[in-house]
Amino acid sequence: MKKFQHSQRVWVGAVLLAISAVASRGLEVKTLGGGATPGNLKRAGSQNGNTLLVAKFNQPLGVAVKADGNLVIADHNNSRLREVVAPGDLDFSITTTFGSKVPLPNGVAVDQHGFIYSANYKNGTITVFNSAGNVQQTFGGLVKPTALAVDGQTNIYVTELRGTVQKISGMDFTITQVSSGFHQPRGIAVLNSQTLAVSDTGGHAIYTIDLLTSAVTLLSGNNGAGFNDGPGSTAQFNSPWGIARSPNGSLIVADRLNHRVRVVLTNGFTRTLYGGAKQTWQRPFAGWRDGDEATANSREPVGVAVAGDGTLFVTEKYWNVVREVTGANLSGSSTNTTGGTNAQVIVVAPTFGPTYGYHPMGISVNVTSTVPVYYTLDGSEPTTNSRQVTLNNYLGSIPFIQHDRDLRSLRMKAIDGTNSSVTVGGTSAPLTRWVFRATSRAAVARRSLFPWS
């Protein structure tokens, strides 16, 4: 038996090393749990236990990250909130029931004090839990709430299926309408103290709302159901659901019926983070495949949340799985102030790929940015006196030909006038990380059943 397990580890290690060798940007999508599991191939269920090997969900929709790094998931059809402890730890992560008998939860949010809020679709209520999972308060007055977000003053913002956005505030939970006229909105995020972002699912668009003036501004989409990356004026979505603000200021969108997770920059420019057309799916679990941005598939992503370090968590409705995405360059300054002479302009760092590797024969590094990008090849800090990337429709490339250096020597920065992004650069090849994962008992057990995942 030990010999068989060892051979599994060696085989899995070889597969994972091969995958890491072709990863082009360092982005990695992996399944944390749910879906078909060893011993239970049903794609939905309610089991608690080891997240990777045992846990099952039934329509996991909203997801939020607690201060301790654990996840809370609105497990809609199970009428529960579920907690994923130590997400990403393949051996020790477990899933438990955080709150039971929750009437069809759609959205979930965590405030700065650690309280958890659940938007309950069935009876139009909000349930407030403490960090231990005990109910603190339940209040109603909503109509088919679909998502919610909480700001720094503990105001609650809720989207309703009828096309409205409501604000709930004060000790008496006063409900005030913020905006209306949307088409079945299903995602909402707080961008700063006076701005919200809303995913208009039926209108296939992303909007912002100015809380001071109630003005609604189109950020990206509204070009009919379809798929297109690019400037917000030409970008297309197909039933976007959950949205979340990342630490660098960009929005992450679960583009459900495009089966992709998208990034929307502050000026509306939209690109795909991962996922692909149905033609790229592989059976028997079509649309469910781990990997990098070129190989990972997604099927009906609906919920997104971003941790402070830029780690992204995604729930997917069809296979009832929870995914983790790393290497997406979502970390950065979270400051976002507006107005006055002390206003700070946030410049989003460029994204690029590949991000690691030694390429003595040379390679073209692809760059995406909405503002000018400057770079160096010797590890020094880029300035406006450094080489500049030629951008065409926000896309460009850098010829990297260094016989004695790998991509760790590449540095680049987006600079817009006197404002600049954080400096980003290449990283070490993650071979050690892949080899370590190959020895994980949970990874061996799951990947022996699902080697394509």
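Colleague: How many bridges pair β20 with strand β21 (residues 260-264), and in which sense do the two strands run?

Modeller: Let's start there, keeping in mind that this is a predicted model. β20 and β21 pair through five bridges, in the antiparallel sense. To follow one bridge, take Leu-251: its partner in β21 is Val-264. Four residues lie between β20 and β21, which form a hairpin, and His-259 in the turn has a positive phi of about 55 degrees.

Colleague: Which strand pairs with β20 besides that, and how many bridges join them?

Modeller: That is β19, joined to β20 by four bridges and running antiparallel. Here Leu-251 in β20 stands opposite Arg-245. The hairpin of β19 and β20 has five residues between the strands, among them Gly-249, with a positive phi near 100 degrees.

Colleague: How should I read the two faces of a strand?

Modeller: The general idea is that side chains in a regular strand alternate between the two faces of the sheet. In β20, Leu-251, Val-253 and Asp-255 are on one side, while Ile-252 and Ala-254 are on the other.

Colleague: Are those faces of β20 buried or exposed?

Modeller: Both faces are covered, with the residues on each side buried. Because five of the five residues of β20 (residues 251-255) are buried, this strand is largely enclosed by the rest of the structure.

Colleague: Where is strand β1, and how many of its residues are buried?

Modeller: Strand β1 spans residues 28-34, and seven of the seven are buried, so it is largely enclosed by the rest of the structure. Six bridges join β1 to strand β25 (residues 321-326), and the two run antiparallel.

Colleague: Which residue in β25 is the bridge partner of Lys-30?

Modeller: The partner is Glu-324. With a relative accessibility of 10%, Glu-324 counts as buried, because the cut-off for buried is under 20%. Leaving out residues up to four places away in sequence, Glu-324 touches several others, including Val-29, Lys-30, Pro-87 and Phe-313.

Colleague: How do I read the order of strands in a sheet?

Modeller: Try the open sheet of five strands, whose order is β2-β6-β5-β4-β3 with antiparallel pairing. β2 (49-50) and β3 stand at the edges with a single partner strand each, so one side of each has no neighbour in the sheet. Further in, strand β5 (residues 80-85) and strand β6 (residues 94-99) pair over five bridges. There, Glu-83 stands opposite Thr-96 in β6.

Colleague: How much space lies in the largest pocket?

Modeller: About 1,200 Å³. Its lining has 45 residues, and the closest to the centre are Val-110, Ala-149, Val-150, Arg-245 and Val-306. You have already met Arg-245, opposite Leu-251. Among the elements that give two or more residues to this lining are β3 (60-65), β7 (105-110) and β19 (240-245).

Colleague: Which strand gives the most to that lining, and how do the lining residues divide into nonpolar, polar and charged?

Modeller: β15 gives the most, with seven residues. The lining divides into 25 nonpolar, 15 polar and five charged residues.

Colleague: What should I look for in the backbone angles?

Modeller: The general rule is that most residues other than glycine have a negative phi, and most peptide bonds are trans. Lys-101 has a positive phi near 55 degrees. Lys-101 lies in the loop between β6 and β7 and is exposed, with a relative accessible area of 79%. Ser-214 also has a positive phi, about 65 degrees, although it is not a glycine. Ser-214 sits in the loop between β17 (205-210) and β18 (216-221) and is partly exposed, at 41% relative accessible area.

Colleague: Which residues does a cis peptide bond join?

Modeller: One joins Arg-283 and Pro-284, with omega about 15 degrees, and Pro-284 lies in the loop between β22 (270-275) and β23. Another joins Gly-353 and Pro-354, with omega about 5 degrees. Pro-354 is in the loop between β26 (351-353) and β27 (363-368).

Colleague: How many helices and strands are in the chain as a whole?

Modeller: The chain has three helices and 33 strands. Buried residues make up 56% of its 453 residues.

How values were computed: Residues are numbered from 1 along each chain as its sequence is written. This is a predicted model: local features need pLDDT of at least 70, side-chain atom pairs count only at pLDDT 80 or more; totals for chains, interfaces and linings use all residues. Side-chain values use heavy atoms; hydrogens and water are left out. Buried means under 20% relative accessible area, exposed over 50%, partly exposed in between (1.4 Å probe, protein chains only). Two strands pair if DSSP finds at least two bridges between them. Contact means heavy atoms within 4.5 Å. On a 1 Å grid over the protein atoms alone, a cavity is a set of points where a 1.4 Å probe fits but cannot get out, and a pocket is an open set with protein on both sides within 12 Å along at least five of seven lines; lining residues have an atom within 4 Å of a point. Grid points are joined across faces, edges and corners, and a volume is the space filled by probe spheres set on the points. Ala, Val, Leu, Ile, Met, Phe, Trp, Tyr, Cys and Pro count as nonpolar, Asp, Glu, Lys and Arg as charged, and the others, Gly among them, as polar.
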